[in-house]
Amino acid sequence: MSDTDHGSDPLARYDESNHPPRIDCVLIAAGVWHDIDFARLELLKLLAEDPRVRTRVLEDYENVEAIAGADILITYTCDVTPSLKVQETLKDWLENGGRWYALHGTNSILRMMEDGLWHAPRHAPLMMDLLGSQFVSHPPIAPYTVTVADDDHELTRGVEPFETTDELYHLETHGDLHVLLETECTEEGTGFAEAKDAPGTHPVVYIKTHGKGAVLYNTLGHCRGHYDLQPMLDWWPSLDRCAWELPVFYDLLRRGIAWIKDRPAKG
């Protein structure tokens, strides 16, 4: 059989009309006080379920060319803030149809001040406006119930209220949010300057639209390994996986990835 025989040459069977379009993803996984290695690996495994997705992994936001050229963006960060130039790139990218799945601490800026408390300085107003919220505080990690605010959206249809043991994020919200999941905070944050303002209803999963694009935010998913509090603490005794231990969280991750992939055409 010759090299040009259709039985041995895969290109001979190539039909461009049936060619599924490539989806370029940027995954930014970085920051402090979390098991970034674990979260990065879990997200890459989920992205690898779709062979159309080609993922570039970064440790910060500063590669503006990579972000501008991406179809979708996923971030799992803590206290990682992009430069103003990158924030402006993200704004334009979203307006033109980009979709961003922002997870857990992406909206955090934390500084320990002289009063011995963690503060959430408002140093990046454009970033937090794009995300739709800024982290302010959380009570001690403990069980809480997540309820469904919109049970008719594709991201939450069929999802039942569930209990998780995770960081319950007290958020300062920005702009018009389409809240999909929410929770009730009943106690103050611990060790945070704005802890007393924590009680109340807070979004857990929401969408914020920007032009043709949108941010999907999911506050769940804290994780921590033995070494992730260094240099403050040399050894953390447990492996914390929180919502990552729940099938419903992986369902929400898969739904979210599918939703950001179903983005409008660039333009």
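The questions and answers below concern the sheet, the cysteines and the largest pocket of a predicted model.

Q: In what order do the 9 strands of the open sheet stand?
A: The model is predicted, and in it the strands form an open sheet whose pairing is mixed. From one strand to the next the twist averages 25°. Read across the sheet, the order is S2-S1-S3-S4-S13-S12-S11-S8-S9.

Q: Which strands have one side left without a neighbour in the sheet, and why?
A: A strand at the edge of the sheet has a single partner strand, so one of its sides is left without a neighbour there. The strands that stand at the edges in this way are S2 (53–58) and S9.

Q: Which residue in S9 stands opposite Pro 143?
A: Strand S8, which covers residues 142–148, runs antiparallel to strand S9, residues 162–166, and 5 bridges join the two. Within S9, the residue standing opposite Pro 143 is Thr 165.

Q: What is the bridge partner of Val 148 in S11?
A: Strand S8 also pairs with strand S11 (residues 178–185), in the antiparallel sense and over 3 bridges. In S11, the partner that bridges to Val 148 is Leu 181.

Q: How many bridges join S11 to strand S12?
A: S11 and S12 (residues 200–210) run antiparallel, and one position that can be followed in the structure is Glu 184, whose bridge partner in S12 is Thr 201. The number of bridges joining S11 to S12 is 7.

Q: How many disulfides does a search of the whole structure find?
A: A disulfide requires two cysteine sulfur atoms within 2.5 Å. Cys 25 is in no disulfide, its nearest cysteine sulfur being that of Cys 223 at 18 Å, and Cys 25 is buried, with a relative accessible area of 2%. For Cys 185, which is likewise buried at 3% relative accessible area, the closest cysteine sulfur, in Cys 242, lies 15 Å away and is therefore too far for a bond. Over the whole structure, the number of disulfides found is 0.

Q: Which residues lie nearest the centre of the largest pocket?
A: About 390 Å³ of space lies in the largest pocket, and 21 residues line it. Those nearest its centre are Trp 118, His 138, Glu 167, Phe 192 and Arg 224.

Q: How many residues of the lining of the largest pocket are nonpolar?
A: The lining residues divide into three classes, of which the polar one holds 6 residues and the charged one 2. The count of nonpolar residues in the lining is 13.

Terms used: Residues numbered from 1 in each chain as written. Predicted model: local features only at pLDDT ≥ 70, side-chain atom pairs only at ≥ 80, totals over all residues. Heavy atoms only, no water. 1 Å grid on protein atoms, 1.4 Å probe; cavity = no way out; pocket = protein on both sides within 12 Å on 5 of 7 lines; lining within 4 Å. Points joined across faces, edges and corners; volume = space filled by probe spheres on them. Nonpolar A, V, L, I, M, F, W, Y, C, P; charged D, E, K, R; others polar. Pairing = 2+ DSSP bridges. Helix = DSSP H or I, 4+ residues; strand = E, 2+ residues; numbered from the N terminus. Buried < 20%, exposed > 50% of the residue type's maximum accessible area, 1.4 Å probe, protein only. Axes fitted to C-alpha atoms, helices over the stretch in contact; angles between N-to-C directions.
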